[in-house]
Amino acid sequence: LPASAKCVSFLINTGVRTAARQSSSQPKVALLGASGGIGQPLGLLLKQDPNIANLALYDLVGTPGVAADLSHIDSNCRVKAYTGAKELAACVEGADVVVIPAGVPRKPGMTRDDLFNTNAGIVRDLVECIAKAAPKAFIAIITNPVNSTVPIAVEVMKNNGVDAKKRIFGVTTLDVVRAQAFVSELKSTDAAKTVIPVIGGHAGITIIPVLSQIQPSVKFSEDEIKKLTPRIQDAGTEVVNAKAGAGSATLSMALAGARFANYLVRAVKGEKIEACSYVASDAVKGVEYFSTKVQIGQSGVEKILGVGSLSPYEKACVEAAVPQLQKEIAKGIKFIKG
Ligand code: NAD
Ligand code: LMR
């Protein structure tokens, strides 16, 4: 049976109909793809997050071992394993936040879009089940190509009668982490205090670091900006090439994923969080999805905070990104709508 059919059968057998998010005082996070290169270190970091009470690990293989291992860590978060499509609905049921790194990573020479044929179907099937078992959950999508998998998730929810636009987040935190790392190294600033928004999408020229908005203020020469920007845009490829066929970024991504999941859990608990994420957005004319800083609260994205004031170079980067974003968004929507 496909995951969605197994999900329906679980819901019928357990009488779960429209599972609401459980009490935000005991937040539950479900991690789908938990045995993978990102999944394992991400699970480790989530297990140590004091805001998370329950961690549900799902994968096609290997979850009992990962869960047994993590459950020996002396933090208050409870860990449970779910394996195979028939256990997916039970994994996500009652989850406040579902984090999805399930799918295949790039090898040298591939673009993120080359992963579409495999990963689009994986995200579709997982979200189909979430729509039925946890329709109110926040969903953080790591699986590439993020520019397309986020529209796929929104469309699948829509097909199930759920308007989840404000609760589906493309995780672009790694781009922010990288921008902050590279700049603090170059300029000898404190990495922990360096804040740089990254807008656009999550592939090549759609990744736009807004160096002009860096906090605290730092001056860059034109030459520095023209070197830093492509380095940040191509940083994923730098890791893919260095790993030489063994996958893409996993450790830095785990850190970025845990940071973003922490934002979402804190938002569920009532905090107002400001962070960059690729979401359904009207920030830029001509594209339905765009990453900017957004305000996240208990109902999801509460405000799109916009691109802010951009330098002429950054404006040109946005213009250059729009056609690629339009294509990749349309590809995701077409995959579901046909
Ligand atoms: P991996 O191959 O090491 O792990 C993927 C895991 O997903 C495996 O354990 C696999 O069993 C599991 N999986 C596959 N199909 C599944 C399904 N239908 N249901 C549940 N689990 C399933 O790959 P990885 O290095 O962890 O990368 C995962 C994804 O994250 C890739 O698509 C990669 O491109 C993406 N990624 C995104 C970012 C980002 O910034 N958004 C950064 C790094 C990697
Ligand atoms: C990254 O930015 O590291 C990820 O999107 C993985 C990749 O394929 O580059």
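Helices (DSSP runs of H or I with at least four residues) and strands (runs of E with at least two) are numbered from the N terminus. The structure is a predicted model, in which local features need pLDDT of at least 70 and side-chain atom pairs count only at pLDDT 80 or more, while totals for chains, interfaces and linings use all residues. Residues are numbered from 1 along each chain as its sequence is written, and chains are lettered from A and ligands numbered from 1 in the order in which they are written.

**Exercise 1. Describe the overall build of the protein, and explain why it counts as compact as a globular protein of its length.**

Step 1. Begin with the elements: the protein has 11 helices and 11 strands.

Step 2. The radius of gyration, taken over C-alpha atoms, is compared with the globule rule, 2.2 Å times the number of residues to the power 0.38. For 338 residues the rule gives 20 Å, and the protein has 19 Å, which is close, so it is as compact as a globular protein of that length.

Step 3. Along the principal axes, the C-alpha atoms fill a box of roughly 60 × 45 × 40 Å.

Step 4. A residue is buried if 20 or more other C-beta atoms, placed from the backbone, lie within 10 Å of its own, exposed if 12 or fewer, and partly exposed in between. Of the 338 residues, 51% count as buried.

**Exercise 2. Check the span of helix α10 and see what follows the helix.**

Step 1. The expected span is 1.5 Å times one less than the number of residues. Helix α10 covers residues 251–268, and its 18 residues should therefore span 26 Å, in agreement with the 26 Å between its end C-alpha atoms.

Step 2. Of these 18 residues, 13 are buried, which leaves α10 mostly covered.

Step 3. After α10 comes G270, with a positive phi near 120°.

**Exercise 3. Place the annotated residues H202, R112 and R178 in the fold.**

Step 1. An unreviewed UniProt entry annotates H202 as "active site", and the "binding site" annotation in an unreviewed entry covers R106, R112, N144 and R178; such annotations may be inferred rather than shown by experiment.

Step 2. H202 sits in the loop between β7 (198–200) and β8 (207–209). H202 counts as buried because 26 C-beta neighbours lie inside 10 Å. Two residues are in contact if their C-beta atoms lie within 7 Å, and beyond four places in sequence the contacts of H202 include V146, D175 and Y278.

Step 3. R112 belongs to the loop between β4 (97–100) and α5 (116–133), and R112 is buried because 26 other C-beta atoms lie within 10 Å. Not counting residues up to four places away in sequence, R112 touches R106, N144, P145 and A203.

Step 4. R178, by its position, is part of helix α7 (residues 173–187). R178 is buried because 24 other C-beta atoms lie within 10 Å, and outside four places in sequence R178 touches I232 and A235.

**Exercise 4. Which helix gives the most residues to the shell around ligand 2?**

Step 1. A residue is near a ligand if its C-beta atom lies within 6 Å of it. Among the residues around ligand 2 are R106, R112, N144 and H202.

Step 2. Helix α9 (residues 235–243) gives the most, with 4 residues.

Step 3. For ligand 1, the shell holds 31 residues, and the closest are G36, G37, I38, A102 and N144.
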